[in-house]
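Student: Could you take me through one part of this protein slowly, as if we were looking at it together? I would like to see how a single strand fits in with its surroundings.

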Amino acid sequence: MWALQFHTPHTLRSSSYSVCTARTSSKPPICSLTLNPSNPTKPETNYNHLIQSLCKQGSLKQALEVLSHEPNPTQHTYELLILSCSRQSSLSDGLDVHRHLVDAGFDQDPFLATKLINMYSELDAIDNARKVFDETRKRTIYVWNALFRALTLAGHGQEVLDLYRRMNQIGIPSDRFTYTYVLKACVASECLISLLHTGKEIHAHILRHGYESLVHITTTLVDMYARFGCVSYASYVFNEMPVRNVVSWSAMIACYVKNGRAFEALELFGEMILETQDSIPNSVTMVSVLQACAALAALEQGKLIHGYILRRGLDSILPVISALVTMYARCGKLELGQRVFDQMEKRDVVSWNSLISSYGIHGCGKRAIKIFEEMIYHGVSPSHVSFVSVLGACSHAGLVEEGKMLFESMVKQHRIYPSVEHYACMVDILGRANQLDAAAKIIEEMRIEPGPEVWGSLLGSCRIHCNVELAERASRRLFELEPMNAGNYVLLADIYAEASMWDEVKRVKKLLEARGLQKIPGRSWIEVKRHVYTFASVDEFNPQIEQLHALLVKLSTEMKEQGYVPQTKAVLYDLDVEEKERIVLGHSEKLAVAFGLINTSKGETIRISKNLRLCEDCHSVTKFISKFTDREILVRDVNRFHHFKDGICSCGDYW
């Protein structure tokens, strides 16, 4: 039994009156009895206002019951019914409203077609959205945009671009929303590099039609170029923007962070703070800035950002706090990350994942597994990322059996089917432990297509254990899947070099040159007195470069007297021993360590981050230096943390 009553004392002035009382009887409710001007004694029953009121109150079922008694529903009535179906996530009711709408003759209303497409999109019924579009004869730009949006959200980027070409061919002009959706479509599917050309064509359309001054379009352009790794294009668009808002600043900062240019991200954030008054950094900005601090192991900068977050009251936003946990861990302060986590009033799966991965990169695999189990005990269901984090922790700690058990539990206990990332983790776990045949068998038995992540894990393991046969097999697949990824060629060349197969090294180097690829240069960063300094393997610009080289030569001589033997297998050239030693002595991580020794106080911990895997010689040298100079040295390479103290590394020489 339910009843609604509306008292409208002024309605008699407009020759009508409303008394609405609805009951769950078979008789239709009496509502809005409006006097007919042509026959004042005969009232016309109109339920539209009641249906609309019920929709606004969230009473969808009652609204649908009343709809069955309304002979002439209005466009606005159908609009509110469609919106109610979306809000209540009811596909069955949405289909009922759609059928009723067609029967009432509104099936060719472009406005309602747009609303229906949006509803089906939100209810994950993309086929129904396509059907509405196909059956609508009069397609306004709003109908096209609605389908573009729906398909983009569903990951059907290529289909959007095909429809966009069709729309242009029949002469329908784009509006500002069209460009936003089609740009997002370029990166909605697999982010294929071939779609970059399409993105550039859309950019040209935007310029030709004068939309380059609209901030939301140019911000989407920045994001599109960022997703394809075209940082210079994104930077150009950003610099040419006549107006910038917090979203555009955040997009450009995120672009730098996601493309390995954290140093520039922090510089741009500094500009944002100094140059803008209206664009105050928000939580999205702060997550990217914290990621930049983490990438550079810039602890002091991170602490300053933490203070800013507290002053701005952003410390209650879960993504920000999760990023803080990760930042402290990646800056070598795992205990501070744990403290931030412990002080959180509310934790979601992302927060737990941050802590699990934090312990994982520090090599604390068993602790990471324990936190994973605590998360489940507290009623938080693990996500795909949770398993990537905990399996990664097993890999770094050499916990093979534990990794196998966790992998098997995904489907059996949590009904999560392994993705390419999970298989890549398992291949890494087995490969690092020199169980390469077992790793290859996992790839053969995969139910999904092994992607570059899986083959890359196998190739990386072959690099550690110098397995030429498996490396060649993995690299053949990688050259097909990622023909423009220079790292794969370099890894194979490293393996050949270690096996003294110099003719094969030359062959791989010729392949690199033929495809116009270059080895990613090694870079290291160190923070000293709140300033971040960067070093490259061939660095002639640092004013202290001669002093750094002199210190390294001195330390190398002393280390050789204590039994140090330079490991030069990373040098991909058939050179004499002395020349190879000179090259490895100039690696960026060694230069950063020397800079830290010269420019920090005695006893102060040296923190360094590196963009590549730490080579064997740098690892060995840093162990010696930590002992000779009585310093703690923290180095985070692309895979994990190395905590050097008293000549010992926390990784136990397993990395």
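**A close look at strand 6**

Tutor: Happily! Strand 6 covers residues 633-636; Ile 633 and Val 635 point one way from this strand, Leu 634 and Arg 636 point the other way, and all of them are buried. Keep in mind that we are looking at a predicted model. The switching of direction fits a broader pattern: in a regular strand, side chains alternate between the two faces of the sheet.

Now look to either partner of the strand. Strand 5 (residues 606-610) runs parallel to strand 6, and 4 bridges join them. Within that pairing, Ser 609 stands opposite Arg 636. Strand 7 (residues 641-645) is also joined to strand 6 by 4 bridges, but these two run antiparallel. Here Arg 636 stands opposite Phe 641. If you find Arg 636 on your screen, you can therefore use it as a landmark for both pairings, because it is set opposite Ser 609 and opposite Phe 641.

How does the chain get from one strand to the next? Between strand 5 and strand 6 comes helix 32 (residues 616-628), and the three together make a right-handed β-α-β unit. From strand 6 to strand 7 the link is a hairpin, with 4 residues joining the two.

Before strand 6 begins, pause at the loop that follows helix 32, where you will find Asp 630. The phi of Asp 630 is positive, near 55°, and this residue is not a glycine. That is worth a second glance, because most residues other than glycine have a negative phi. Asp 630 counts as exposed because its relative accessibility is 59%, and the cut-off for exposed is over 50%. The residues of strand 6, by contrast, are buried.

Finally, let's see what is packed in this part of the chain. A separate core of 29 residues, the second one in the model, includes Ile 608 and Phe 644, along with Val 528 and Ala 594. Ile 608 falls within strand 5, residues 606-610, and Phe 644 falls within strand 7, residues 641-645. Val 528 takes us to another hairpin, made by strand 3 and strand 4 with 2 residues between them. Those two strands pair in the antiparallel sense over 6 bridges, and Val 528 stands opposite His 531 in strand 4.

Technical notes
Residues are numbered from 1 along each chain as its sequence is written. This is a predicted model: local features need pLDDT of at least 70, side-chain atom pairs count only at pLDDT 80 or more; totals for chains, interfaces and linings use all residues. Side-chain values use heavy atoms; hydrogens and water are left out. A nonpolar core is a set of buried Ala, Val, Leu, Ile, Met, Phe, Trp, Tyr and Cys residues joined through side-chain atoms within 4.5 Å. Buried means under 20% relative accessible area, exposed over 50%, partly exposed in between (1.4 Å probe, protein chains only). Two strands pair if DSSP finds at least two bridges between them. A crossover is right-handed if, with the strands pointing away from the viewer, the path from the first strand over the helix to the second runs clockwise.
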